[in-house]
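Student: I've got a protein on my screen and I'd like to understand its aromatic rings. Can we go through it together?

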Amino acid sequence: MTAPVIRMDRVTRRFGANVLAVDNMTLDIQPGEFVSFLGPSGCGKSTALKMIAGLLPVSAGTIEIAKSTGASEHDLAFVFQEPTLMPWATVFDNVFLPLRLAGMKRREAEPRVMAILAEVGLTKFAQSYPRTLSGGMKMRVSIARAMVTRPRILLMDEPFAALDEMTRSKLNNDVVRLAKELGLTVIFVTHSVFEAVYLSTRIIVMAARPGRVAADIPMQTPWPRDENWRTSPAFATEAQRVSDILKGTLHVDDLDH
Ligand SMILES: Nc1ncnc2c1ncn2[C@@H]1O[C@H](COP(=O)(O)OP(=O)(O)O)[C@@H](O)[C@H]1O
Ligand SMILES: [Mg+2]
């Protein structure tokens, strides 16, 4: 067994006196795992992800991120639900931003920016402005901007929730392909059972009040999967199994809406 990339040990996060957003979360994530955090709204998925990213302090417990080695230069990158692009800058400049902030010259960065734009299918749009792009294309820019720093760990917080289903399945396939090609460790937050089952090598089911890990489900189906699997009876069986586990963790009032 290799050393985990991410190690959460009894991590707790409170907001004020009454909200226990994440309670006593212990979790080891191995290199190359594609882990989904799956659960209803309010179960602490975003809070857990932000603590892993170092964007939010823990109230108790520890989170260790293994130090970067080899080709990757950065430990982690974060993709939010909103693409949050700079509207006045071209696609190229939006993706160049993190490298520019790290002090890299434009000429030096150009091959890297163009390579990652090619990976997400946006070569022809390098000089376009965000307002001219569809929602799916904006999200591709956001993913390229995260990947251009060559992180080992990619954290994604419901990145495709606002997209239509066709676009969403295309982006699902692209993210899995990138993760596989680049040997990334991914944590993907979603409240969609189908998305979690399709994407993941492992699903962490979370429950609310207090936010906690309710189940840790390794997925047996070989990864990555393809579009044929998405419509297969085996996929439906897996989705049913995970859905039953998820339902078992829900409160009655979670089921109201
Ligand atoms: N900054 C904050 N201040 C107060 N309460 C918060 C804050 N962020 C999250 N919470 C609360 O913590 C709980 C978990 O929230 P969150 O991690 O956003 O859940 P999820 O991402 O699973 O929907 C919720 O009850 C939410 O209202
Ligand atoms: Mg959230």
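Tutor: Sure! Counting ring pairs here gives eight aromatic pairs. Keep in mind that this is a predicted model, where local features need pLDDT of at least 70 and side-chain atom pairs count only at pLDDT 80 or more. Residues are numbered from 1 along each chain as its sequence is written.

Student: What makes Phe 34 and Trp 223 a tilted pair?

Tutor: Rings of Phe, Tyr and Trp (its six-membered ring) pair if their centres lie within 6.5 Å; planes under 30 degrees apart are stacked, over 60 edge-to-face, and the rest tilted. Phe 34 and Trp 223 sit 6.1 Å centre to centre with 50° between the planes, hence tilted. Phe 34 is in strand S3 and Trp 223 in the loop between strand S9 and helix H7, so the pair ties together parts 189 residues apart in sequence. (Helices are DSSP runs of H or I with at least four residues, strands runs of E with at least two, numbered from the N terminus.)

Student: Why is Phe 34 called buried?

Tutor: Buried means under 20% relative accessible area, exposed over 50%, partly exposed in between (1.4 Å probe, protein chains only). Phe 34 has 0%, so buried fits. Trp 223 has 21%, so Trp 223 is partly exposed.

Student: And why is the pair of Tyr 198 and Trp 229 stacked?

Tutor: Their planes are at 25° and their centres 6.5 Å apart, so the pair counts as stacked. Tyr 198 belongs to helix H6 and Trp 229 to helix H7, 31 residues apart. Tyr 198 is buried as well, at 2%.

Key: Chains are lettered from A and ligands numbered from 1 in the order in which they are written. Side-chain values use heavy atoms; hydrogens and water are left out.
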